[in-house]
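Reader: I would like to learn how to read a protein model. Can we go through one step by step?

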Amino acid sequence: MLADALPLLACPHCGGHLDEADGALLCGSGHSFDIARQGYVSLLAGASKITGDSAEMIAARAEFLDAGHFDGLRAAVADASVAAGVDAPAVLEVGAGTGHYLATVLDALPDAVGVGVDVSKPAARRLARSHPRAAAIVADVWTQLPVRDGSVSHALSIFAPRNAGELHRVLRSDGELVVLTPTDRHLRELVSHLSMVRVDENKTERLGAALAGHFDRIDRVAVEYPMALSHAEARHLVGMGPSARHLGPRALADALAELPEPVTVTASVTVSRYRPRYSSTAAS
Ligand SMILES: C[S@@+](CC[C@H](N)C(=O)[O-])C[C@H]1O[C@@H](n2cnc3c(N)ncnc32)[C@H](O)[C@@H]1O
Ligand SMILES: [Zn+2]
């Protein structure tokens with residue numbers, strides 16, 4: 001619900017508090033943002049060149065996630081979120097996509113209010129109906145987030161871009177950042193067969209370097225298991241990622257036809273918890 005999330009949100013132009021009136025969010029300085037018919041609000045500060053995932057990618061993502069093959073991943077994200085053990089939880093997911101993980105965390109934290117941010121409007125439409133306690137916001141995570149300083153207890157970044165400075169700014173001092181990143185073994189059978197975009201082998205190390213100075217890692221869990229996928233499920237899995245832009249539907253269908261069915265594909269990720277670091281505690 002948008003109304004429950006208002007205490008967390010900030011006007012992207014002036015940083016002011018937002019109230020809801022007449023189908024829009026308004027700040028005290030007169031900036032106004034229409035609430036879309038589908039329930040999301042765009043709080044983009046200006047025209048963004050980034051459009052995020054297309055309607056086709058989001059539809060493929062929804063189909064694949066609904067089939068349950070990533071349920072082991074979402075269980076790990078929920079466990080990491082519950083482990084923070086904070087009062088009055090308020091959850092922000094950046095690059096939230098369909099809201100699949102945000103909804104899982106809100107179910108695991110029954111008192112929590114949630115905000116999902118994505119730059120893609122097709123994602124925001126799904127996000128708006130992902131959970132009764134989730135608000136859907138269109139914003140670009142590489143600009144200032146339309147979220148108040150020190151307002152959220154959990155920031156989630158699941159297969160998504162993350163802006164360490166902004167995540168630090170919006171987290172409460174007792175809050176935690178939960179990050180899920182793929183390892184170089186994630187989907188390796190499809191990556192090698194379909195020439196999909198590869199995960200950089202040093203991604204986990206680069207993630208640590210990007211967050212260093214803002215965050216300290218307090219826990220890291222590896223999740224890896226084989227999935228047995230039909231060709232249709234493998235097609236959704238490819239279609240929800242960046243490879244969808246490189247591979248035509250015909251080339252993909254031909255390549256999938258060469259694989260056994262079901263095809264075994266590895267899911268392999270790391271789920272890490274981070275606490276914000278403040279200058280008084282900054283060391284080594
Ligand atoms: C790989 S998807 C992950 C979605 C979701 N977390 C999940 O795992 O199902 C990455 C998401 O980040 C969004 N995204 C990409 N660039 C973004 C940006 N600059 N600001 C906000 N969202 C962005 C995309 O639209 C997409 O929905
Ligand atoms: Zn304003």
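Author: What follows takes the sheet, one strand, the cores and the ligand in turn.

Author: This is a predicted model, in which local features need pLDDT of at least 70 and side-chain atom pairs count only at pLDDT 80 or more, while totals for chains, interfaces and linings use all residues. Residues are numbered from 1 along each chain as its sequence is written, chains are lettered from A and ligands numbered from 1 in the order in which they are written, and side-chain values use heavy atoms, with hydrogens and water left out.

Reader: In what order do the eight strands of the open sheet lie?

Author: Strands (E, at least two residues) and helices (H or I, at least four) are DSSP runs numbered from the N terminus, and two strands pair if DSSP finds at least two bridges between them. Here the order is β4-β7-β6-β5-β8-β9-β11-β10, with mixed pairing. β4 (41-42) and β10 (215-229) are the edge strands, each with a single partner, so one side of each has no neighbour in the sheet.

Reader: Which pairs show the mixed pairing?

Author: β6 (residues 113-118) and β7 are parallel, over five bridges, and Gly114 has Ala134 of β7 as its bridge partner. β4 and β7 are also parallel, over two bridges; there Val41 is matched with Ile137. By contrast, β9 (residues 171-182) and β11 are antiparallel, over six bridges, with Leu180 bridged to Val271.

Reader: Where does each side chain of β7 point?

Author: In a regular strand, side chains alternate between the two faces of the sheet. In β7, Ala134, Ala136 and Val138 point one way, and Ala135 and Ile137 point the other way. Buried means under 20% relative accessible area, exposed over 50%, and partly exposed in between (1.4 Å probe, protein chains only). Five of the five residues of β7 are buried, so this strand is largely enclosed by the rest of the structure.

Reader: How many residues are in the largest nonpolar core?

Author: A nonpolar core is a set of buried Ala, Val, Leu, Ile, Met, Phe, Trp, Tyr and Cys residues joined through side-chain atoms within 4.5 Å. The largest has 47 residues, of which Phe70, Leu190, Met227 and Leu237 touch the most other members. Strand β11 (residues 263-276) contributes the most to this core, with five residues. A second, separate core has 36 residues, including Leu6, Leu9, Val147 and Leu207.

Reader: Is Ser151 buried or exposed?

Author: Ser151 has 12% relative accessibility and counts as buried. This serine lies in the loop between β7 (134-138) and β8 (152-158). Its side chain reaches the backbone oxygen of Arg148 at 2.8 Å, which fits the rule for a polar contact: a pair of N or O atoms within 3.5 Å; within protein, one must be able to donate a hydrogen and the other to accept it, and residues adjacent in sequence count only if both atoms are side-chain atoms.

Reader: Which residues come nearest to ligand 1?

Author: A residue is near a molecule if one of its heavy atoms lies within 4 Å of it. Of the 20 residues around ligand 1, Asp53, Gly95, Asp118, Asp140 and Ile158 come nearest. A backbone N or O atom of Asp53 is 2.9 Å from an oxygen atom of ligand 1, and a polar side-chain atom of Arg61 is 3.1 Å from an oxygen atom of the ligand. An N or O atom in the side chain of Glu93 lies 3.0 Å from a nitrogen atom of ligand 1.
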